[in-house]
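Colleague: I am new to this structure. Please take one strand, look at it closely, and then work outwards to what surrounds it.

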Amino acid sequence: MSRIFRRIDRAKLRHSPNYIELGDVRYFGSLDYWDPIAMDTAELKWQPWMSQVIHATKLGGILAGAGNALSLMMLKNEYDIFRMSNKGEPNWMGRLPEKNRRFLRNQYFISSEELDPFVILPSLPFSGFGYIVVSDEFTQRIANLFDLYRLQDIKQLGYLHYPTIHSSEPEVLVRDFPHNRFVHSLDVRAAAKLILANNKRSESEHVLSDIACLTHDTLTPAGGDSIKWVDQKAFDEDLHYPELMSRIDWKQLPEAPRNASKLLPQIILNRGTLGQVLDIADKIAYVGRDLCA
């Protein structure tokens, strides 16, 4: 496992020119939803290729907006080319506003071929971070073993009304949340991993937390929470979670401790330190994306 940083907070993520690595997760400072990119705040006349753009934006209207977007994309290309052939960042990065620097860095991380990403989530709203999960590593093995991909078809919070049983019932207008349980599970693990890192927890605790966070909603019924009202005992994912333990080929998870099948159901029930971390991370993930939606 990667070395644990002394502290990974919002400021560190905001100002770091590189992503921060914890296991197979790469963290970077996200763009806040209330912090839009505004290239017109940057003094770009020192870039020779900007003269034509600046001249066009003086005409105002659509050209001004297009010039702003074009400025950003041209800067992105310049930045990417420099980073590919140099260890550090170009000197002109220091002349840009912080939000523009973060945007260029994030776009470089997201598009970097060396990462070979399994999934990219540019931001967990209101958390201050986005992250990339690397392909062909621990997370992907867990997703395969626990069949987490079905969660992509289950919307977070499902539909906020009682389940419709009969097809003849009139349609009900409901708020359909855009994010799904798969994304939620990834968010929970990402938040929990930062909590554990900042509290200097052991490698084995990281492994158990990763598995628990990624799989805590594995048995969520199709249709989401509203379907549980049909039979709350039958569709209680926490109650039936222990049944999963005998179905897993633990040889494919050599990182997991031998007693993982006994410990994980307890963590899922929010017991012990790791259970409390799961509960906190679960709430962070819920609040961030649900509030944004």
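Modeller: A residue is called buried when its relative accessible area is under 20%, exposed when that value is over 50%, and partly exposed in between. Keep in mind that this is a predicted model.

Let us start with strand E4. E4 covers residues 129-134, and six of the six are buried, so the strand is largely enclosed by the rest of the structure. In a regular strand, side chains alternate between the two faces of the sheet. Take the faces of E4 in turn. One side carries Phe-129, Tyr-131 and Val-133, all buried. The other side carries Gly-130, Ile-132 and Val-134, and these are buried too.

Now the partners of E4. Strand E2, residues 25-29, pairs with E4 in the antiparallel sense, over five bridges. Two positions help you find the register. Arg-26 has Ile-132 of E4 as its bridge partner. Gly-29 stands opposite Phe-129. Strand E3, residues 117-124, also runs antiparallel to E4, and five bridges join the two. Here Leu-121 stands opposite Tyr-131. E3 and E4 form a hairpin with four residues between the strands. In that hairpin, Phe-126 takes a positive phi near 70 degrees.

Phe-126 also leads to the surface. Together with Tyr-33, Trp-34, Val-287 and Leu-291, Phe-126 forms a nonpolar patch there. The accessible area of the patch is about 580 Å². Leu-291 belongs to helix H10, residues 272-292. Its relative accessible area is 58%, so Leu-291 is exposed.

H10 holds a salt bridge as well. Asp-279 and Lys-283 form it, with their closest N and O atoms 2.7 Å apart. Both residues lie in H10, four residues apart, about one turn of the helix. Asp-279 has a relative accessibility of 26%, so it counts as partly exposed. Lys-283 is partly exposed too, at 47%.

Back to E2. Five of its five residues are buried. Val-25, Tyr-27 and Gly-29 are on one side, Arg-26 and Phe-28 on the other. E2 has another neighbour, strand E1, residues 20-22. E1 and E2 pair in the antiparallel sense over three bridges. Glu-21 stands opposite Arg-26. Two residues separate E1 from E2 in their hairpin, and Gly-23 in the turn has a positive phi of about 60 degrees.

Next, the rings. The structure holds nine aromatic pairs. One of them is formed by Tyr-27 and Tyr-131: the centres are 6.5 Å apart, the planes meet at 45 degrees, and the pair is tilted. Tyr-27 lies in E2 and Tyr-131 in E4, so this pair ties together parts that are 104 residues apart in sequence. Both tyrosines are buried.

Another pair is Tyr-149 with Phe-182. Their ring centres are 6.0 Å apart and their planes are at 35 degrees, so this pair is tilted. Tyr-149 sits in the loop between helix H5 and helix H6, while Phe-182 sits in H6, 33 residues apart. The two differ in cover. Tyr-149 is partly exposed at 26% relative accessibility, whereas Phe-182 is buried at 6%.

E2 also contributes to a group of rings. Phe-28 forms one aromatic cluster with Tyr-19, Tyr-79, Tyr-108 and Phe-109. Tyr-108 and Phe-109 are among the buried residues of helix H4. H4 has 14 residues, 98-111, and should span 20 Å; its end C-alpha atoms are 20 Å apart, which agrees.

H4 takes us to charge. Side chains of opposite charge can pair when their charged atoms come close. The whole structure has 15 salt bridges. In one of them, Arg-14 meets Glu-98, with the closest N and O atoms 2.7 Å apart. Arg-14 is in helix H1 and Glu-98 in H4, 84 residues apart. Glu-98 is partly exposed, with a relative accessible area of 26%.

One last salt bridge joins Asp-210 and Lys-193, whose closest N and O atoms are 3.0 Å apart. Asp-210 is in helix H7 and Lys-193 in H6, 17 residues apart. Now apply the cut-off from the start. Asp-210 has a relative accessible area of 5%, so it is buried. Lys-193 is buried as well, at 2%. These two residues are linked with Asp-24 and Arg-189 in a network of salt bridges.

Key. Residues numbered from 1 in each chain as written. Predicted model: local features only at pLDDT ≥ 70, side-chain atom pairs only at ≥ 80, totals over all residues. Heavy atoms only, no water. Buried < 20%, exposed > 50% of the residue type's maximum accessible area, 1.4 Å probe, protein only. Pairing = 2+ DSSP bridges. Phe/Tyr/Trp six-rings, centres within 6.5 Å; stacked < 30°, edge-to-face > 60°. Expected span 1.5 Å × (residues − 1). Patch = residues over 30% accessible without salt bridge, like charges linked within 9 Å, V, L, I, M, F, W, Y side chains within 5 Å. Areas by Shrake-Rupley, 256 points an atom, 1.4 Å probe, with all protein chains shown as cover. Salt bridge = Lys/Arg side-chain N within 4 Å of Asp/Glu carboxyl O.
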